[in-house]
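Please consider how the helices and aromatic rings of the following model are arranged.

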Amino acid sequence: MLHRPSSHRTTSPTTSPRTVLTLSALCLLLACRPATTTPPEGEKPGEATGAQAGTNEAPRTAAFVYPPSKQDAVTDDYHGTRVADPYRWLEEPDSADSRAWIEAQNKLTFGYLGDIKERGAIRARLTKLWNYERYGLPVREGGRVFFSKNDGLQNQSVLYVSESLTGEPRVLLDPNTLSADGTVALSGTAYSDDGKLLAYGLASAGSDWQEWRVRDVTTGKDLPDLIKWVKFSGAAWTKDGKGFFYSRYDEPNEKSALQAKNENQKLYYHRLGEPQAQDLLVFERKDQPKWGYNADVTDDGRYLVVSVWEGSADKNALFMADLKGGVAKAKVAPLLPKFDGQYGLVDNEGPVFWLMATTGAPRGRLIAVDTRNRNAADPASWKTIVPETAETLRGVSMVGGRFFLNYLKDAHTQVVVVGKDGKRVRELELPGIGTAAGFGGEKQDKELFYAFTSYTTPSTIYRHDVASGKSEVFRQPKVDFDPSLYETSQVFFTSKDGTKVPMFVTHKKGLAKDGQNPTYLYGYGGFNVALTPSFSVADLTWMEMGGVLAVVNLRGGGEYGEAWHEAGTKLDKQNVFDDFIAAAEHLIADKVTSPSKLAIGGRSNGGLLVGAAITQRPELFAAALPGVGVMDMLRFHKFTIGWAWVPDYGSSEDPAQFKALRAYSPLHNLKAGARYPATLITTADHDDRVVPGHSFKFAAAMQTAQGGDQPVLIRIDVKAGHGAGKPTTKVIDEWADLWGFLVKNLGMKIG
């Protein structure tokens, strides 16, 4: 799940401030790149598949004896339909039964993986390729320059500071010193306007929970301040540097912190030097427990702008407060309160706010809103600076008196520069078809920085002169491969209902279309998230071994605006799976690959995608890698932030939506005796976004149902979460296992 972007003054170690991105919801993206089925003959809806509920028989296939997964007689009534849930006990990851099951499953899985002779060579190559110097985008505050850097194999990137762009950098914060195994990660940073103070968040073992601290930039020492129970929030400093705004939840019951529902978020102001218990409550709505808040302070320090989100719906409201009389006297009042579109603050000139908005423009436009106007919430009062275009607007920034508009054109970046009056200045020339991000800065800046990447281009940082429009390479990584040996093409295929869908296909040049190429098809398809070209050491390793990488832009994503997104939600979610299946069929028809050589993968919402694909069309794939997936579509909303996904998925509490969810829910569409592809499920035992019970239950049910001789295994990481902040060593280990699994089950021969 991807939480909404935090304040534009709060950045991760690799992003740039003062850049407004399209509001993404509390959704399921992380770390990498998400026909109605009926029960088999003789099975009534809701009956357990495979072994009968109440037994402890170990599932067997022709090749495997799996650890026993007991089945309890648990059923639920959904609008008159009884649905069995025999593995409900696996929803409690710390119970004695679950811990024993986890240990037994990992023993089987790692024993299998350990016998793959190519695994060591794959890990060695991953390690060598990963060992390259990489930088984050520079951030300027108070004359100082902040940036992240990883020497290559460091578990976590290190935060540096220098007194100028060419000055000698020094370490400001090294997360690698905070834990022996690298599982404590820097999860967010916010710099005071004078560059003297750093507020930073830390997350442990992949958890979404963060603790925030404050560091004196000059001395490198922490102040006593400590902020706890923060989730889905950044920090926004007031202009005077005396404190910052942040959002938090109430402290959960210690026993249920992992799976406790995240509701009733509140917006606070923390004054430096005071204990958190004395923080000023700035905004809450007790009548709206599902509202969440992202705070921002305008560059002139005058206004607090609060973006209010509700679940994963890509519509938000804006509230504001005048800070002229100080935070204590500020009153948060509605500005655009209707949740009728996406709104993102770009910048302001006094009371006039420039906003990126989708209201009346599903693909986005740039508007000006005069906050003094009593009718400011009425679109008729807005001034359009840049109208909606055929491309999808994903981000806007104001730097050097010009707006930089970041569009998606068929899922790759196009950057257009306009003046304050909206008149076009130029289109920024990019190195090729890829993804550009950054473009942060302030109105008076004469230059900015951005990063460009593609499937064969490591993230390269460019320095851009605003006046001339010229860009030059500022930081270019050196990776041990020759990009000229590879090529990327974009193809368009027709989905089941006639919709044209794009897909990027990357591989070594000279590919023989004989249907024998091992191919990895990756997708996501949800929450308005766009999959755009990006460089990955793991993907490069796959292609070096002769594999084809195919990344498909499914409906449900954000590639073509809100209509594309909505076409893959709720009662139309099946469109996403149809698109994915059509992508596989296109690759086969084009003789890129064949079912015996085709593997599929996805994470989180993409894990759901893989689970649905293999339950609907198991014969189409040889192997599957569902990662941290949402597999139980009837109960997902009962854990942590799962309730926030209802706007995309719907809810089993609604009769019509229950019927649609039941029709594709991976857990509920496994069929006893079906021949499923070789499957390696991945999760973490303490994922507090998509709780591991999803993957646990799916693995237990699939092992029981498997009628073929292909393995169904689950790899359960410990001291890890949904994927954010995972140390480099763990990432390399995981990809060595994933690729090793595919090499064995696709019959690949390497080196």
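At what angle do helix α2 and helix α10 pack, and how far apart are their axes? In this predicted model, α2 (residues 119-130) and α10 (residues 728-745) pack at an angle of about 135°, and their axes are 9 Å apart. Because of this angle, α2 is oblique to α10. The crossing of these two helices, α2 and α10, is right-handed. On the side of α2, the contact is made by R119, I122, R123, L126, T127 and W130. Among the residues that α10 contributes are V731, I732, W735, W739 and V743. By character, the residues of the contact of α2 with α10 comprise nine nonpolar, four polar and four charged.

Helix α10 also meets a second helix, α1 (residues 96-114). The axes of α1 and α10 come within 10 Å and cross at roughly 65°. This crossing of α1 and α10 is left-handed. Here F110, Y112 and L113 of α1 meet D737, F741, K744 and N745 of α10. Four nonpolar residues, one polar residue and two charged residues make up the contact of α1 with α10.

The aromatic rings may be examined next. The structure holds 38 aromatic pairs. One aromatic cluster is formed by F283, W291, Y293, F319 and F339.

Aromatic rings are also found beneath charged groups, as two arginines show. The charged end of R134 sits over the ring of Y132, at 5.0 Å from the centre of that ring. Likewise, R475 places its charged end over the ring of F474, 5.0 Å from the ring centre.

Terms used
Residues are numbered from 1 along each chain as its sequence is written. This is a predicted model: local features need pLDDT of at least 70, side-chain atom pairs count only at pLDDT 80 or more; totals for chains, interfaces and linings use all residues. Side-chain values use heavy atoms; hydrogens and water are left out. Axes are lines fitted to C-alpha atoms, for helices over the stretch in contact, and angles run from 0 to 180 degrees between N-to-C directions. Helices (H or I, at least four residues) and strands (E, at least two) are DSSP runs, numbered from the N terminus. Angles under 35 degrees count as roughly parallel, over 145 as roughly antiparallel, 65 to 115 as roughly perpendicular and the rest as oblique. A crossing is left-handed if the near helix is turned anticlockwise from the far one by less than a right angle, and right-handed if clockwise. Contact means heavy atoms within 4.5 Å. Ala, Val, Leu, Ile, Met, Phe, Trp, Tyr, Cys and Pro count as nonpolar, Asp, Glu, Lys and Arg as charged, and the others, Gly among them, as polar. Rings of Phe, Tyr and Trp (its six-membered ring) pair if their centres lie within 6.5 Å; planes under 30 degrees apart count as stacked, over 60 as edge-to-face and the rest as tilted. A charge sits over a ring if NZ of Lys or CZ of Arg is within 6 Å of the ring centre and within 35 degrees of the ring normal.
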